[in-house]
Amino acid sequence: MSKKLDSALKETGTRFRIFPQPRYVGYDPETITVSVPPDQIQDGPADDRMFVIDAVNKLPYGDFFGPPYTGKRNPPIQRGPQGHFDHLDPDSREFKCATMYATVRRVLDIWEDYFGHRIEWHFESDFARLELIPLIVWDNAQSGYGFLEFGYGREDSGSIDFTRPYCENFDVLAHELGHGIIFSQVGVPVSPNDPAIDYGGMHESAGDLVAIIAVLHFDTVVTRLLNNTCGNLFTVNELARVAELSKSRQIRIAFNSWRMSDVGEEPHERSLPLTGGIFDIMVEVFQKLLVGRGLITQDLADRSTTGPGGSQDLKRIDDDFKKAYKGHGDDFKDALLDARDYLGSLLAETWRSLARPNYLTYHDVLRALLRADRKLGGYHQETIRSCFAWRGISLLPGSILLRPRSLQHCGLKSLESPVTLGKATQANNGRRG
Ligand SMILES: [Zn+2]
């Protein structure tokens, strides 16, 4: 969601408090605003797109048991003064139920803004609204056709850890909603012969990217990331020593250095080079903005890139970023949010253009990114190419596109004059590939 719309919603939307990252990473709840106005939101919480049911003694949905849930439940969570939900005690069950709604609604708001239109549910033929079930006694969570139902994490001993409800984990909820956005906007392959290997990787990558862009809407997350790195985002891998960063799954996923040669066909593993390559585009754009606004030098940007020309002198790069960042935290933040919004718009346009994804490959995703960037002005074509080249994402070996076509292939070799051209073309008809 753009910075401008985000601040406008603060005046008109409904307030909640949620944890930007799990409590054990050391975050306090932050106030967020969902787009639904207080006079339209209902107890539950609920609105015209989704609703929470605090089910009691519910078994997980399975093959023969799905929504709508009609069983035992706790009463809906009541709105507070003026219709907001930011009065709830973070240690209460009500807070957790409200968090699940607020997180999913907020992530949907963010992505509907990047898409520029309402995102209809892929299950709309059966259900009008998404059913959210926050706290079932289960050491797992699942998203399915028309529902999200969440349980708890597990302790080392294997028993359910009631201190870690998944519904309070922003990244997990956002990732699951990301799958829903892709089902809605991209769709699924329809050919039974399509092994959908890259489609599977793209789906997992999209779930993570939906979450990463959404989490970068928390002021505390952005501020901590910049304060910890001084804006030197390309060497965040080196900064894993900062315990807080390495505990965050989102940081680990976004700042990865996996290439295609490192991964197999399992979708989560295969998603890593794609997610990393796409996130690198955002970091490159961030650096270009810093250079353009006079906040770092071109030389520092060149040295700190992961691609060709990057320097190994990490200590010097770190020191130079520290100097540049001092006293300019707000300017760096502005640039990062602009880069975030560019990537959000780029991805929305990319996914839209991948609709009907039969035999989808990462190379198709690369070309869709280039097309999307051209729609947005075409300023980052070379950046996109080089980020994907570094990850080893290119055409599959043996692709027809890679085969040179000589004059013989085209039936043009022996042609000396326009007169013989006509004869040769007739003679070669039917032989062309
Ligand atoms: Zn997933």
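# Two domains, one shared core

Tutor: The protein is divided into domain 1 (1-185) and domain 2 (209-391), the bounds being those of an automatic or database domain assignment. This is a predicted model, in which local features need pLDDT of at least 70 and side-chain atom pairs count only at pLDDT 80 or more, whereas totals for chains, interfaces and linings use all residues. Residues are numbered from 1 along each chain as its sequence is written, and side-chain values use heavy atoms, with hydrogens and water left out.

Student: How far apart are the centres of domain 1 and domain 2, and how many residues does the contact take from each domain?

Tutor: Taken over C-alpha atoms, the centres are separated by 27 Å. The contact, which means heavy atoms within 4.5 Å, takes 28 residues from domain 1 and 28 residues from domain 2.

Student: What makes a set of residues the largest nonpolar core here, and which have the most contacts inside it?

Tutor: A nonpolar core is a set of buried Ala, Val, Leu, Ile, Met, Phe, Trp, Tyr and Cys residues joined through side-chain atoms within 4.5 Å, where buried means under 20% relative accessible area, exposed over 50%, and partly exposed in between, with a 1.4 Å probe and protein chains only. The largest such core has 113 residues, and those with the most contacts inside it are Trp111, Met202, Phe332 and Trp351. Helix α2 (residues 93-115) gives the largest share of this core, 13 residues; helices (H or I, at least four residues) and strands (E, at least two) are DSSP runs, numbered from the N terminus.

Student: How do you know where this core lies relative to domain 1 and domain 2?

Tutor: Both domain 1 (1-185) and domain 2 (209-391) give residues to this core, so it lies between them. A second, separate core of 10 residues includes Tyr69, Ile133, Ile136 and Phe147.

Student: Why is Asp47 called buried or exposed?

Tutor: Asp47 has a relative accessible area of 2%, which falls under the cut-off, and therefore counts as buried. Asp47 lies in the loop between β2 (30-34) and β3 (50-52).

Student: What makes the approach of the side chains of Asp47 and Tyr101 a polar contact?

Tutor: A polar contact is a pair of N or O atoms within 3.5 Å; within protein, one must be able to donate a hydrogen and the other to accept it, and residues adjacent in sequence count only if both atoms are side-chain atoms. The side chains of Asp47 and Tyr101 are joined at 2.6 Å, and the side chain of Asp47 also makes a polar contact with that of Arg105, at 3.0 Å.

Student: Why is the pair of Phe16 and Tyr101 called stacked, edge-to-face or tilted?

Tutor: Rings of Phe, Tyr and Trp (its six-membered ring) pair if their centres lie within 6.5 Å, and planes under 30 degrees apart count as stacked, over 60 as edge-to-face and the rest as tilted. By this rule there are 16 aromatic pairs. For Phe16 and Tyr101 the centres are 5.5 Å apart and the planes stand at 40°, so the pair is tilted. With Phe16 in strand β1 (residues 14-18) and Tyr101 in helix α2, the pair ties together parts that are 85 residues apart in sequence.

Student: How do you know where the buried residues of α5 fall around the helix?

Tutor: In helix α5 (residues 219-229), Val221, Val222, Leu225, Leu226 and Thr229 are buried. Seen down the axis, they fall within an arc of 120°, so they line one face of the helix; the arc is that of the directions from the helix axis to the C-beta atoms.
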